[in-house]
Amino acid sequence: MNTESNLPSLSGADLRTHRIYTVDTLTALARRQGETPWLVEDVLMASSFNVLVGDSTLGKTPLALQLAACVVTGAPWLGLPIQKPGTVLYLNGEMVPSDLLRQWTRLSEHIGHPGQKDGFFTYNPEWGQASTVSGWDPTQVRDLVHRIAPALVIVDPLRVFFPEAEMDQKAFERFRLWVRSLKCCVLVLHHRRKQDQVNGVASLEND
């Protein structure tokens, strides 16, 4: 077996030009950049785009709200340490105020912080509408994020605030750019319903 490489040897300058790293240069780069900043240790980075996908009524919203309560209070989430506690902005597209308040109260009690009021902000210009929110302004929300500086933004669900992102790749890229402009951890909830199979809405699976 011929173990000789047919590739030309690369010098240090060539490696840097082509952005190719050896173990030594990768170690040096990691030292310069420092440790990865996490919101939830080893699960959610402090500045990242994340999608939580599951069937309708599976429990994505309570899970996300529990995460919000843990980020606000610093309590562990599912046994995982919160590395960067802070405020949370919840973009609510489906629940009426009383339902959201009820879930928040129960989850705060569940994690050992009953009566938690500070650090949680919610936004919805059309309370309780389980369809596209027509009155919301992404630019306004981005400005709001910059003012309150949340550690976590939850978009619940994707189809309410960015329905076009489910159907069009360019629209999804615009959505990703919007998320990146927030410069914090963003968790997007996405679910597939039976009527989507009729209407042709993408499930985002394997895509």
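How many salt bridges does the count come to? In this predicted model, the count comes to two salt bridges. Each is described below, followed by the aromatic pairs.

One salt bridge joins Asp-99 to Arg-102, with 2.7 Å between the closest N and O atoms. Both residues belong to helix H4, which covers residues 97-110. They are three residues apart in helix H4, so about one helical turn separates Asp-99 from Arg-102. Asp-99 has a relative accessibility of 32% and therefore counts as partly exposed. Arg-102, at 40% relative accessibility, also counts as partly exposed, because the partly exposed class runs between the limits of 20% and 50%.

The other salt bridge is formed by the side chains of Arg-176 and Glu-173, with an N to O distance of 3.8 Å. Helix H7, made up of residues 169-182, contains both Arg-176 and Glu-173. Their spacing is three residues, or about one turn of the helix. Arg-176 has a relative accessible area of 33% and is partly exposed. Glu-173 is likewise partly exposed, at 33% relative accessibility.

The aromatic residues were examined next. The count comes to eight aromatic pairs. Among them is the pair of Phe-172 and Phe-175, whose ring centres are 6.2 Å apart and whose planes make an angle of 55°. This pair is tilted, because the angle falls between the limits of 30 and 60 degrees. Phe-172 and Phe-175 lie three residues apart in helix H7, so they are separated by about one helical turn. Phe-172 has a relative accessible area of 16% and is buried. Phe-175 counts as buried too, at 1% relative accessibility, because buried means under 20%.

Phe-175 also pairs with Trp-178, with 6.2 Å between the ring centres. The planes of Phe-175 and Trp-178 stand at 20°, so this pair is stacked. A pair of aromatic rings is described both by the distance of the centres and by the angle of the planes. Both Phe-175 and Trp-178 are in helix H7, where they are three residues apart, about one turn of the helix. Trp-178 is buried, its relative accessible area being 7%.

These residues are part of a cluster. Ring pairs link Phe-172, Phe-175 and Trp-178 with Phe-49 and Phe-162. Helix H7 thus holds the salt bridge residues Arg-176 and Glu-173 as well as Phe-172 and Phe-175, together with Trp-178.

How values were computed: Residues are numbered from 1 along each chain as its sequence is written. This is a predicted model: local features need pLDDT of at least 70, side-chain atom pairs count only at pLDDT 80 or more; totals for chains, interfaces and linings use all residues. Side-chain values use heavy atoms; hydrogens and water are left out. A salt bridge is a side-chain nitrogen of Lys or Arg within 4 Å of a carboxyl oxygen of Asp or Glu. Helices (H or I, at least four residues) and strands (E, at least two) are DSSP runs, numbered from the N terminus. Buried means under 20% relative accessible area, exposed over 50%, partly exposed in between (1.4 Å probe, protein chains only). Rings of Phe, Tyr and Trp (its six-membered ring) pair if their centres lie within 6.5 Å; planes under 30 degrees apart count as stacked, over 60 as edge-to-face and the rest as tilted.
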